[in-house]
Every structure is written in structure tokens, then in C-alpha cells.
Amino acid sequence: MSADVDWSSEREQLLGRTIAELGLTVAGSRVERLTQQLHDEMRARGVPFLPPVYLSDEWGCPDGTPLIGVPFYLADERLERLEAEHAGAVEDDDESMRYLRHEAGHAVNYAYRLHERDGFAQLFGDYARPYEESWSTDPWSRDYVRHILGWYAQKHPDEDFAETFAVWLTPGLDWQREYAGWGAARKLEWVDRTMASLPAEVPPNVVPGEDDLPVQSMRWTVAEHYEDADVPDVGDGRQFDIDLARIFAAASVATEGMPASQFVRRHEHELVVRISYWTSATPTAVRTLVHALAMRADALALRTHALESTTLIELTAFGTAVLLHWHYARVADAHTTETS
């Protein structure tokens, strides 16, 4: 039996099992090693509180609770492979550490209630502000650090602090030089002073409850985990025909070119990863668009007519524009709903 057949069988078995029954633990996994690295970095910077890490459905820190949730698939190589098939990629160690430092910022904030300290509201904003999943961004602003996806620090004061903390914590990063002259430098300086003033007494550790979604409470199948309704409604995709005709060419013109649908499918992974990064859209949402583009390119019998790198840049830029319009339309709809 071939390795592909073996994996196909194992894949179906994994998809059919509930996450709770997989027996996943931090101990002995890659997550344990990454957690140790995080704690070592925090000790080196003099942060006395080392937040506990547990396996959950996604990266996160339960609201107001000094815990760090890590995606369950990072604790098992088979699940990492499955995640890569659905999301286009799995977080490597560098990306995982960026997320861990960010979530550590949340945990430290909650453990010491830093949002109640003098200066927090003036620098980061009102911590009590409603939290919205969709938000407007200003790519030109220098009042926020840049750390993880897109302009995430602009989402909410809590995220702004977490991102600032993560930059401050990152080993080898000279944030004084990197952010010299930026408004964000004042936030970094506040974090630096605040971390140096933390009390020696460490807040007690807490354990995740049912509402925090530890893996033991995830009683749905792996397949159900990957069902994602938050995707753009592309319909039959014909609204993209004119744009695709500009990126590619008719078969009668580019007789030697590669079929455009083949090009799109060949570069699906790169498109999903790049567009997801710049738009903060979920990989599933991006993949929905990419599949629609491939389908329409096939229906129109389009072919490539330029350098592969040039075509990929154009297609990435187009996909980014479409997903950003989708994102901002959702922001506008949410705002209308709130004010109506």
C-alpha cells in the first residue's frame, strides 16, 4: 500500500473522530518546546508571571483570563499535515513564537490588570471599548507597532497592548531604533517601564474551564472544525471575468501559454498564504475566491501571456483587493447594524 493511500485512510479516520478523544497534550509536543522558549524569553526580560499554555481550537487568550490557548493541531504531526491541506500552511516555529509573544501580552495584561493603570487609556485607548471582529485600518499610521497579521494592533486597545508587548519581548529586536520617531515608541517605553515595576509576587495560575475550549471540551469532529461559514459569496464567479481577461489572455492570442486555471491551481498555496497575510481573511475565505477564479478561468479558456512571476503578482494583487473590499463591506454592514 502506497504512502498516499495510507495517508488517505488515516486522514479519513482523523476527520471522523472528535477532537476530545484524540488524547492531545502539550507534554512531549512541539508546543511544549515553544512554551519553554516563551518562558525563557520572559524570564530574560524580568517578567515574573509565566502564563500557562493549553490546547484549544485556535490561538487566543480567554477574555480577562491569563491563559494562552494554542491550536490543537500543533500538538500532533498528523494534524499539522491535515491543517496544511485546509489552510495552505502550518505555523512554523518563528510564526508560532510571534503568536505566543502576542498572547503572552494579553495574559500579562490580565494577570496584573495593566489596563487599569495610569497611562494605559491615554496610550492604547479605552480597554472597555466594544470588541469587533471587523475593523478599519490605516496602513500609513506610525502609532502602532507591526508584529503579526496585517495591522492587527489597530483592532482594539487590548490588541494594541499585546502587539506592543510582543515587540518589546522579541529577542534581538532593537525596538528603540526600529520605532524611533514613531508614536508607537511611547507605547513601547510605557511597556518597558511597566514591566520593570511589576511586583515580585506572581499571580496564581488558573486552569481553562469549559468555556475556554480546552481540547477535552471539544466534542465535535475534526471535519466539523474545518467547516467555515465566514467566506465571501462568490456566486457563479462571472463578476470576475473582465478582471481575469486582463490578467490572462484568450487562447487564440496566447496559443503557447499555460491554461490559466492550471496556473491558478498550481499557485493556490502561495496565493492563499500571501492574500491571507495581507487581508487577515481566513485561509478558507481566500481559498473560496481562488477556486472561483480557477473555475472561471477554465470556463473562459484563458491562458497565461506574461512571465510567471508577473502574472502571480497581478493575481495576488487582484485577490487582495477583492478580499479587502469584502472585509470593508462587512465592517460597513456591522456599523450599519449597530447604528440602526
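Is Thr194 buried or exposed? Let me start there, with the reminder that everything I describe this morning comes from a predicted model. Thr194 has a relative accessibility of 5%, and with that value it counts as buried. The residue is found in helix α8, and once its neighbours within four places in sequence are set aside, its contacts are with Leu114 and Arg117.

Staying with α8, I would like to turn to how this helix packs. Helix α8, which runs over residues 184–196, packs against helix α6, residues 157–169, at an angle of about 75 degrees, and the two axes are 9 Å apart. Since angles from 65 to 115 degrees are counted as roughly perpendicular, α6 and α8 are therefore roughly perpendicular to each other. On the α6 side the contact is made by Asp160, Phe161, Thr164, Phe165, Val167 and Trp168, while α8 contributes Lys187, Leu188, Trp190, Val191, Asp192 and Met195. In character, the residues of this contact divide into eight nonpolar, one polar and three charged. As you look at those numbers along each helix, it may help to recall that an α-helix has 3.6 residues a turn, so residues three or four places apart point the same way.

One of the α6 residues leads us on to the next helix. Phe165, which is part of the contact with α8, is also among the residues touched by Arg101, and the place of Arg101 is in helix α4. What does its accessibility tell us about Arg101? At 8% relative accessibility, Arg101 counts as buried, despite the charge that we assign to arginine in general. Not counting residues up to four places away in sequence, Arg101 touches Gln37, Leu38, Glu41, His147, Ala162, Phe165, Ala166, Leu169, Thr170 and Pro171.

Now for α4 as a whole. This helix covers residues 93–112, which makes 20 residues, and from its first C-alpha to its last it reaches 28 Å, close to the 28 Å expected at 1.5 Å a residue. Of its 20 residues, 16 are buried, so α4 is largely enclosed by the rest of the structure. At the N-terminal end, Asp92 acts as the cap, with a side-chain oxygen lying 3.2 Å from the backbone nitrogen of Asp94. At the other side, α4 is followed by Arg113, whose phi is positive. That value is about 50 degrees, and Arg113 has it although this residue is not a glycine. Arg113 sits in the loop between α4 and α5, the latter being residues 120–124, and at 46% relative accessibility it counts as partly exposed.

A second case of this kind comes after helix α13. α13 is followed by Ala301, whose phi is positive, near 55 degrees, and here again the residue is not a glycine. Ala301 is found in the loop between α13, residues 283–299, and β4, residues 302–303, and its relative accessibility of 44% means that Ala301 counts as partly exposed. As for α13, its 17 residues should span 24 Å at 1.5 Å a residue, and its end C-alpha atoms are indeed 24 Å apart, which agrees. The buried residues of α13 include Ala285, Val286, Leu289, Val290 and Leu293, and also the arginines Arg287 and Arg296.

Which residues, beyond its neighbours within four places in sequence, is Trp326 in contact with? They are Asp230, Val231, Pro232, Ala281 and Ala285, and Ala285 is one of the buried residues of α13 that I have just named. Trp326 itself lies in helix α14, residues 308–339, and at 17% relative accessibility it counts as buried. Trp326 and Ala281 are 45 residues apart in sequence, while their C-alpha atoms are 9.3 Å apart in space.

Let me finish with two residues from the earlier part of the chain. Leu22 is found in the loop between α1, residues 3–16, and α2, residues 30–44, and with a relative accessible area of 13% it is buried. Leaving aside neighbours within four places in sequence, Leu22 is in contact with Leu14, Arg17, Leu79 and Val222. Arg81, by contrast, lies in helix α3, residues 77–87, and is partly exposed, with a relative accessible area of 41%.

Note on methods: Residues numbered from 1 in each chain as written. Predicted model: local features only at pLDDT ≥ 70, side-chain atom pairs only at ≥ 80, totals over all residues. Heavy atoms only, no water. Axes fitted to C-alpha atoms, helices over the stretch in contact; angles between N-to-C directions. Helix = DSSP H or I, 4+ residues; strand = E, 2+ residues; numbered from the N terminus. Parallel < 35°, antiparallel > 145°, perpendicular 65-115°, else oblique. Contact = heavy atoms within 4.5 Å. Expected span 1.5 Å × (residues − 1). Buried < 20%, exposed > 50% of the residue type's maximum accessible area, 1.4 Å probe, protein only. Polar contact = N/O pair within 3.5 Å; in protein donor to acceptor, adjacent residues only side chain to side chain.
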